[in-house]
Amino acid sequence: MPSTGRRRRSSSSNESEDVQQPRRRSCRGKSSLIELAKDISLYQRKVLFITGAGMSVASGVRPFRGKGGVWTQHIWQTGTREAFRKDPLEWYNEFWLPCLSLPKGAKPNDVLSEILACNPNVKMITQNVDGFNAPCGQMIEAHGRLGLYKCLPEEDSDTDSDSDDEDDRPVHLGHRRKRRLALKKKRTLSLSTAEFSSVDQIEPPQTRGSLRDGKSLSKAPRCPSCNNPVAPQALLFDEGYHSHSFYQFQKMENWLAEAEVIVFVGTSFQVRLPEIALEHARAEAIPVYNFNVQDFLESTVRLNATNVAGPSEDTLPRLLSACEQFDLELDSDLKPKAVQSPAQSPNAVRVKS
């Protein structure tokens, strides 16, 4: 894909000059989908999808923000370790089960899984906890998964309250020192902060059906190993990505650092992961696509952004169709080595803006 809107370092001076390319704007046509499909299927580039609640709206799952969203000040204050510890049973009955249970009959949007199959270099980080995408090596569930549960540490030395970044990583999503300290403090006999349990392991047994159906509990769910109350395997508001191994924050950092194209789908930019990814895209002149019905991005000298307007259940199938068309064309040529994109040519120069 051409390096549209990037800045190029002059070989004869330290001053940067703007590459004279048109900026990307909001669109509904095929051209931008075709360009992205080329990156995925034709050029086999490292494309990173970051998905949010908008991906699952068509499945009947309420978004956090926007029309019908569950976002309130109450959720911000209640979705924390601190609130959970005060009264786990009330926390489940008054907050978690009514707000974040999946509706019955909800069906997943499988299109992104098919897009991942077009190119092993394509990765996905989802902020959704609905569990609609089958776990695979090309996906990270950054905010957890419904139906899994975790013990909480007795002390919150692993939370996101202050910074202890000790190295010069290109992307910072979590604190490695805090993660090491949390693992050292892990209780030997507990599922604790390095493991998780499924609903079928939760004690007492009578709570399992209520957890599956989103119905009120008579007793708080407990860990089968340590018998302490367990919280859902979800990133709470006073936790950092380093707080549990399930969130794989170091792999997320690596995927972002390696990405050649970043694609946002149905996400707000008011949460940490999209915010950090967007700033990284600006710093490294990485082209960005934004599949959304709101929260559109403005393309600037520092940000090469394309807004693909429309619900993801309409736009993603069109992208998949374009990818499959390129796959068919490559198959007809017996799929030689990946075609070199303009941005990968030996004469192309990529530097920070």
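A nonpolar core here is a set of buried Ala, Val, Leu, Ile, Met, Phe, Trp, Tyr and Cys residues joined through side-chain atoms within 4.5 Å. Keep that in mind for the views below, which come from a predicted model.

**View 1. The largest nonpolar core and its best-connected members.** This core holds 30 residues, and I40, F49, F291 and L319 are the ones that touch the most other members. At least two residues each come from helix 1 (31-42), strand 4 (47-51), helix 5 (111-116), strand 10 (261-265), strand 11 (288-292) and helix 10 (312-332). Helix 10 is the top contributor, putting in seven residues.

**View 2. Zooming in on I40.** Leaving aside residues up to four places away in sequence, I40 touches V47, F49, I115, C118, N119, V122, L319 and C323.

**View 3. A second core.** Separate from the one around I40, another core has 28 residues, among them I50, Y247, F269 and I286.

**View 4. Strands 4, 5 and 6.** Strand 4 runs parallel to strand 5 (residues 123-126), with four bridges between them. Look for T51 opposite T126 of strand 5. On to the next pair: strand 5 and strand 6 (residues 139-141) are also parallel, this time over three bridges. Here I125 sits opposite I140 of strand 6.

**View 5. Back out to the whole protein.** Overall there are 10 helices and 12 strands, and 49% of the 353 residues count as buried. Of the contacts between residues at least 6 apart in sequence, 68% link residues at least 24 apart. The exposed surface comes to about 17000 Å², with carbon and sulfur atoms supplying 48% of it.

Key
Residues numbered from 1 in each chain as written. Predicted model: local features only at pLDDT ≥ 70, side-chain atom pairs only at ≥ 80, totals over all residues. Heavy atoms only, no water. Buried < 20%, exposed > 50% of the residue type's maximum accessible area, 1.4 Å probe, protein only. Contact = heavy atoms within 4.5 Å. Areas by Shrake-Rupley, 256 points an atom, 1.4 Å probe, with all protein chains shown as cover. Pairing = 2+ DSSP bridges.
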